[in-house]
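This report describes the fold of one protein chain and then turns to selected side-chain environments. Please consult the sequence and the model shown here alongside the text.

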Amino acid sequence: MTSETTRDACLRSFLALLAERPFARIALGDVAERCGVSLAQMRASFASPLDLLAAFFRATDRHVLSEGGPDAEELAGEGPKERLFEVLMRRLDALEPHKEAVRSLNRSARLDPLLALHLLRLSEGSQRWMLASAGIDCTGLAGSIRAKGLAVLFARVLGVWLEDEDPGLARTMAALDQELARGAKLLGMLDDVASIAVPWRKRPGSAASRETAPDAAPAACEPGGLT
């Protein structure tokens, strides 16, 4: 078994176990036994169950990105909201085979605040790639604000998706469309958002800057952003 194949086998086994039991009850030995590799082989790729979670996020990112970027035919000529809608629906399509694992992870995150915060950090990193795939700037402070907001937005849509039994995902698409409409500033008026989030930065056309302390700057985000 090559190193890459071992990684893939471990990840598949981890997701299968996650569909069966809570995240806290999955040990590295369980994953190794399920996929038929030794702990020594597994250690070459993963140091902890959290590493397996990160690998799941990265694998989902790669799947979405392989479907095309902002120049893809279905995104050509669309506005930022429409492009991001398409990219996030691709992400949900990529998660569909692992829906029970995602459901289990969602339940675990509700009971474990530290896990929820870790998932939110992973989701922020993934959403930077989703923004890039939609042709939306994801660099610097503005990109960080967008990624954080999008992670929270996607977590809310994910909750709808988990309960949506319609093969056409009508409820999910409606929820995503509404969330993106409400979060329009993530896509467009980032100068305004950054001025609010970083109060010491001068607003356009203003001679004075706010005097709020820097640590109050980031917009509040609820924990629990998922894949």
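## Overall architecture

From the N terminus on, the elements of the protein chain follow the order α-α-α-α-α-α-α-α-α-α-α. The protein chain holds 11 helices and zero strands; helices (H or I, at least four residues) and strands (E, at least two) are DSSP runs, numbered from the N terminus. The model is predicted: local features need pLDDT of at least 70, side-chain atom pairs count only at pLDDT 80 or more, and totals for chains, interfaces and linings use all residues. Residues are numbered from 1 along each chain as its sequence is written, and side-chain values use heavy atoms, with hydrogens and water left out.

Of the 227 residues of the protein chain, 44% count as buried. Buried means under 20% relative accessible area, exposed over 50%, and partly exposed in between (1.4 Å probe, protein chains only). Among contacts (heavy atoms within 4.5 Å) in the protein chain between residues at least 6 apart in sequence, 64% join residues at least 24 apart.

## The aromatic pair

A search of the whole structure yields one aromatic pair. Its members are Phe14 and Phe23, arranged edge-to-face, at 6.3 Å centre to centre and with 90 degrees between the planes. Rings of Phe, Tyr and Trp (its six-membered ring) pair if their centres lie within 6.5 Å; planes under 30 degrees apart count as stacked, over 60 as edge-to-face and the rest as tilted.

Phe14 counts as buried because its relative accessibility is 0%. Phe23 is likewise buried, with a relative accessible area of 11%.

## Helix H6: Lys99 and Ser104

Lys99 lies in helix H6, which spans residues 99-111. Lys99 is placed over the face of Trp161, at 4.6 Å from the ring centre; this requires NZ of Lys or CZ of Arg within 6 Å of the ring centre and within 35 degrees of the ring normal. The side chain of Lys99 also reaches the backbone oxygen of Trp161 at 3.0 Å. Leaving aside neighbours within four places in sequence, Lys99 is in contact with Trp161, Leu162 and Asp164.

Which side chain of opposite charge is nearest to Lys99? It is Glu96, 4.2 Å away, and Lys99 is buried yet has no salt bridge. A salt bridge is a side-chain nitrogen of Lys or Arg within 4 Å of a carboxyl oxygen of Asp or Glu; Lys and Arg count as positive and Asp and Glu as negative, while His and the chain ends are not counted.

Ser104 also lies in helix H6. Ser104 is buried, with a relative accessible area of 3%, and touches Leu18, Arg21 and Pro22, not counting residues up to four places away in sequence.

Key. Polar contact = N/O pair within 3.5 Å; in protein donor to acceptor, adjacent residues only side chain to side chain.
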